[in-house]
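Okay, thanks for coming, everyone. Let me put the structure up and then walk you through how its helices pack.

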Amino acid sequence: MIPRNTSHHFDQDLAALKDKLVTMGSLAEAAVQRSMKALIERKDLLALHAKEEDEILDELEIEIDEMAIQLLAKAPLATDLRLIAVAMKICQNLERVGDEATTIGRRALELNAEPQLKPYVDIPKMAEIALQMLKEALDAFVTREPARARAVIPRDKEVDALNKQLQRELVSYVIEDPSTISRCLNLIVISKSLERIADHATNIGEEVVYLYEGHDIRHARKGKTRPPPDRPASGAPP
């Protein structure tokens, strides 16, 4: 039997891990919003902050990983192990969201140095959907609602479609006027970064479903699923 005090400390440490992960999620969302604002409003100062935010996210990733590794050695229940493992995966996806925000900020600086190629329509829409997906996936983690996480996953197709549409449009710009190539390439990279942010939100949603339902749905479209563990869904982590 696990001593009562040890169990209490473990629960406190587990709660601290979740809190730090939520903080990281908020910072990742803010980093994307800041980089997008730098692009849309042509504000270089905002873009310059992107690298600093990415460094903070990198530090948080290291801290969360260290906390998780320590907790793995003390986890009393299989559900605790699952929560810790999922937290590490969510953390990794959030760090990559920060990387994409940095990329957007860097490309915004280059675009802001030239005349705007075209009104931004698809890119803000992609950003809005991707950020909504990220927020919903993280909220589902906090509120223990796998149904909310499942609702995030189909939206990835919306972002994919917008990305493909914009890339076709930008290629046509380059063909018609080669002088637009640098601006088009920067916009293509930003579009791809937003598509990847949506992918990371989808990954988080899938991990939340696994955490609370015990089903691995990452390859469900291919007809492959990981069998649920012996514990029923009611044994989901607290």
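I'll start with the overall layout, then go through two helix pairs and the core.

First, some housekeeping. This is a predicted model, so local features need pLDDT of at least 70 and side-chain atom pairs count only at pLDDT 80 or more, while totals for chains, interfaces and linings use all residues. Residues are numbered from 1 along each chain as its sequence is written, and side-chain values use heavy atoms, with hydrogens and water left out.

So, the layout. The protein chain has 8 helices and 0 strands; helices here are DSSP runs of H or I, at least four residues, strands are E runs of at least two, and both are numbered from the N terminus. Of its 238 residues, 45% are buried, meaning under 20% relative accessible area with a 1.4 Å probe, protein chains only. Take the contacts (heavy atoms within 4.5 Å) between residues at least 6 apart in sequence: 82% of them join residues at least 24 apart.

Now the first pair, α3 and α4. Their axes sit 9 Å apart at an angle of about 170°; axes are lines fitted to C-alpha atoms, for helices over the stretch in contact, and angles run from 0 to 180 degrees between N-to-C directions. That makes α3 roughly antiparallel to α4, a label for angles over 145 degrees. What classes of residue make up the contact of α3 with α4? There are 12 nonpolar, 4 polar and 7 charged. For the record, Ala, Val, Leu, Ile, Met, Phe, Trp, Tyr, Cys and Pro count as nonpolar, Asp, Glu, Lys and Arg as charged, and the others, Gly among them, as polar. On the α3 side you'll find Lys51, Asp54 and Glu61, among others, and the α4 side includes Gln92, Glu95 and Asp99.

Next, α4 (residues 78–112) with α5 (residues 122–143): the axes come within 13 Å and cross at roughly 160°. So α4 is roughly antiparallel to α5 as well. Here Leu83, Ile90, Leu94 and Val97 in α4 meet Leu134, Leu138 and Phe141 in α5. That contact has 7 nonpolar residues, no polar and no charged.

Two of those names come back in the core. A nonpolar core is a set of buried Ala, Val, Leu, Ile, Met, Phe, Trp, Tyr and Cys residues joined through side-chain atoms within 4.5 Å. The largest one has 67 residues, and Ile90, Leu94 and Leu194 touch the most other members. α8 gives the largest share, 14 residues. Leaving aside neighbours within four places in sequence, Ile90 contacts Leu21, Leu138, Phe141, Ile204, Glu207 and Val208.

Note on methods. Angles under 35 degrees count as roughly parallel, over 145 as roughly antiparallel, 65 to 115 as roughly perpendicular and the rest as oblique. Buried means under 20% relative accessible area, exposed over 50%, partly exposed in between (1.4 Å probe, protein chains only).
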